[in-house]
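I opened the model today to look up a few local features. My notes follow in the order I took them.

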Amino acid sequence: MGSTEITRTESLMNAVRSRIANRALSPGDRLPSVRRFAETMGVSPSTVVEAYDRLEAEGVIRARRGSGFYVTGADLPPMALAEMGPSRERDVDPFWVSRQSLDAAPSVLKPGCGWLPADWMPNAALRKGLRALGRADDTLLSDYGSTRGSLALRRLLLGRFADEGISATADQILLTSSGTQATDLICRLLLRPGDTVLVDDPCYFNFQALLRAHQVRIVGIPFTPTGPDTAAFEQALVSDSPRLYITNSALHNPTGGSLSPQTAHRIVSAAAIHGLTIVEDDIFADFEPTLSPRLATLDGLNRVIRIGSFSKTLSAAARCGYIAARTDWIENLVDLQLAINFGGPSPVATELIAGVLAGGSYRKHMDEVRQRLTRARKDAANRLAALGIVPWIKPRGGYYLWCRLPDGHDSTALARRCMEDGVVLAPGNVFSVSQSARSFIRFNVAHLGDRQIFSSLRTAMKEAAR
């Protein structure tokens, strides 16, 4: 046998190994037939037979008489998410930003992080709630919770939905361990490897990281100040046949934009025509001064799934998220959460959150936070303007400013240089599917109070201009 055929055989073996490593083929999955794989790869059937025989000898696959070849799962390599998708420099990788922010020493400044400072949170109310839980029944402190989570908290959510005009029942809400887990559960339920998912471009970077873990194809829709570009959205529905669209409707992460009524109607109408399911992450709702349009309100929880959490407004330590959807989907999600987590979030966490939300202090807390953020956004915009850094839009609320750097500056290089000064930034391409946001950067205005941040930015920009 000549060297050319050996090379082809090894190439086929590597292709199979790659599909197994990337989870496109899982243990127990049947490989393509010899004839079909030969046609796909443009080789002779005998070459495929030799590749399959050698993989079987290595224990990677096994033959079943009259049925074909199947993946064994032997020596399955661990999933390396950082290696999935397009290759990126580590400092524009969402995992890099998350790790630097979460593992930062107390002295590190974090204007690139995605949460409020601890002293902005309702710590007095949380402490009061914890003291009350200390007197709770033993079962609350020691037992598993119910499959759907705290009824008291679900009823509080129903009241909020009613204020928006969403009619729902407690059985349409599932509490989860976090907003991220809520998204993961939905992906597990509705997606299969190779499916297409639409996201905004730019979008919350962890949407991309999570979708890469599910081995789906990600298509970015350009985001405008009033929501996704509706023409591009409608074109993608025709050309890409997506299964899901994941978005923030209000105070969009990272841009701070909110849907206009016209955009919201067009998105819901187009999704209904094409049978698209929408996941609406409403985590920033309470930061809005007044409620903007919501896809779930227009759709009535038919093909729109609402998710959210309390990490941004109450506590990231007492984590809890939720999913609101059609009853049949919730039933399946309950089973799925039982399978992977044996129930929902901690009953201690959910009762703590329910107690704070039901008390009179939460509304006052959010009023104060919104006022502080209004001042912080104005102050940050003025101080950034002195460096030639300009916000893309003026957000209605929230703590993000999506800013454009002066011509010629690369936010990745800026983030790398500022990290040397102990300043964690969130460069634009972390959020961009198309990697077209190199001149943008996301700032958390609640973490921009230290002058050292602006000194580091000024120095980095001067060095880059040399």
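Entry 1, the sheet. I am working from a predicted model. I looked up strand order first and found an open sheet of four strands, β11-β12-β14-β13, paired antiparallel. The edges are β11 (390-391) and β13 (426-427), each of which pairs on one side only.

Entry 2, the β13 edge. I followed β13 to its partner. It pairs with β14 (residues 440-444) in the antiparallel sense, over two bridges. Ala426 stands opposite Arg442 of β14.

Entry 3, past β14. I moved on to the loop between β14 and α17 (451-465), where I found His447. Is His447 buried or exposed? Its relative accessible area is 16%; the cut-off for buried is under 20%, so His447 counts as buried. I then listed its contacts, leaving aside neighbours within four places in sequence. They are Lys110, Pro111, Cys113, Trp115, Leu116, Pro117 and Ile453.

Entry 4, helix α3. I checked the length of α3 (residues 45-57). With 13 residues at 1.5 Å a residue, the helix should span 18 Å. Its end C-alpha atoms are 18 Å apart, so the two values agree.

Entry 5, the buried side of α3. Which residues of α3 are buried? I noted Thr47, Val48, Ala51, Tyr52 and Leu55. They cover an arc of only 130° around the axis, so they lie on the same side of α3.

Entry 6, the end of α3. I looked just after the helix. Gly59 takes a positive phi there, of about 85°.

Notes: Residues are numbered from 1 along each chain as its sequence is written. This is a predicted model: local features need pLDDT of at least 70, side-chain atom pairs count only at pLDDT 80 or more; totals for chains, interfaces and linings use all residues. Side-chain values use heavy atoms; hydrogens and water are left out. The expected span of a helix is 1.5 Å times one less than its number of residues. Buried means under 20% relative accessible area, exposed over 50%, partly exposed in between (1.4 Å probe, protein chains only). The arc is that of the directions from the helix axis to the C-beta atoms. Two strands pair if DSSP finds at least two bridges between them. Contact means heavy atoms within 4.5 Å.
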